[in-house]
Amino acid sequence: SLAPASPQANTTMIAPKGKGALPQGNPSHLLPAELIDRCIGSRIWVIMKGDKELVGLLRGFDVYVNMVLEDVEETEMTPDGKKVTKLDQILLNGNNIAVLVPGGKPDDTA
């Protein structure tokens, strides 16, 4: 299911065990799934493989980083220029994600 998982559930699935385990009290050691879990309910900028980017509200994800986004703006670079599409909700395949940026896309300052 794509329901949000508790941070403890994510840690149990992917955290190293025993010798060489990350210190539990050090907040600078954050596993990728923990970072994504902290982004649930906030805006996230997703840069896809190819020429697409999406910005939307992260509602949930699974172990494959398939994501449910709401209030999405999809930007695609085409030979004719930038094409922007607004979507209410989208299920995004994690196989095609190149970069995730918490907080959404920064405003253009140009």
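Is K86 buried or exposed? K86 has a relative accessibility of 63%, and because exposed means over 50%, K86 counts as exposed. The model that holds this residue is predicted, and the paragraphs below go from the whole chain to single residues and then return to K86.

The protein chain contains 2 helices and 5 strands. Along the sequence they follow the pattern α-α-β-β-β-β-β. Of the 110 residues in the protein chain, 30% count as buried. The chain exposes about 7300 Å², and carbon and sulfur atoms supply 53% of that area. Among contacts in the protein chain with a separation of 6 or more, 45% are between residues 24 or more positions apart.

The 5 strands form an open sheet with antiparallel pairing, in the order β4-β3-β2-β1-β5. Its edge strands are β4, residues 81-92, and β5, residues 97-102, each of which pairs on one side only. From one strand to the next, the twist averages 25°. At the β5 edge, strand β1, residues 43-48, is joined to β5 by 5 bridges, and the two run antiparallel. One residue pair to look for here is W45 with its bridge partner in β5, V101.

At the other edge, β3 and β4 form a hairpin with 2 residues between them. These two antiparallel strands are joined by 11 bridges. V68 is found in strand β3. V68 counts as buried, because its relative accessibility is 15% and the limit for buried is under 20%. Q89 is 21 residues away from V68 in sequence, but their C-alpha atoms are 7.2 Å apart in space.

The largest nonpolar core has 14 residues, and those that touch the most other members are I44, V46, L54, L58, M67, L69 and L92. Strands β1, β2 (52-61), β3 and β4 each give two or more residues to this core. L58 can serve as an example of the surroundings of a core residue. Leaving aside neighbours within four places in sequence, L58 is in contact with I36, C39, I40, G41, S42, I44, M67, V68 and L69.

The structure also holds 5 salt bridges. One of them joins the side chains of E74 and K52, at 3.5 Å from N to O. E74 lies in strand β3 and K52 in strand β2, so the pair ties together parts that are 22 residues apart in sequence. E74 counts as buried at 14% relative accessibility, whereas K52 counts as partly exposed at 33%. The bridge partner of E74 in β4 is T85. Not counting residues up to four places away in sequence, E74 touches K52, E53, L54, K83, V84, T85 and L87.

Another salt bridge is formed by E70 and R59, whose closest N and O atoms are 2.8 Å apart. Because E70 lies in strand β3 and R59 in strand β2, this pair ties together parts 11 residues apart in sequence. E70 is partly exposed, with a relative accessible area of 25%, and R59 is partly exposed as well, at 37%.

K86, the residue of the opening question, meets E73 in a salt bridge between side chains, at 2.7 Å from N to O. The pair links distant parts of the chain, with K86 in strand β4 and E73 in strand β3, 13 residues apart. K86 is exposed, while E73 is partly exposed, with a relative accessible area of 30%.

Conventions
Residues numbered from 1 in each chain as written. Predicted model: local features only at pLDDT ≥ 70, side-chain atom pairs only at ≥ 80, totals over all residues. Heavy atoms only, no water. Pairing = 2+ DSSP bridges. Helix = DSSP H or I, 4+ residues; strand = E, 2+ residues; numbered from the N terminus. Axes fitted to C-alpha atoms, helices over the stretch in contact; angles between N-to-C directions. Contact = heavy atoms within 4.5 Å. Buried < 20%, exposed > 50% of the residue type's maximum accessible area, 1.4 Å probe, protein only. Core = buried A, V, L, I, M, F, W, Y, C linked by side-chain atoms within 4.5 Å. Areas by Shrake-Rupley, 256 points an atom, 1.4 Å probe, with all protein chains shown as cover. Salt bridge = Lys/Arg side-chain N within 4 Å of Asp/Glu carboxyl O.
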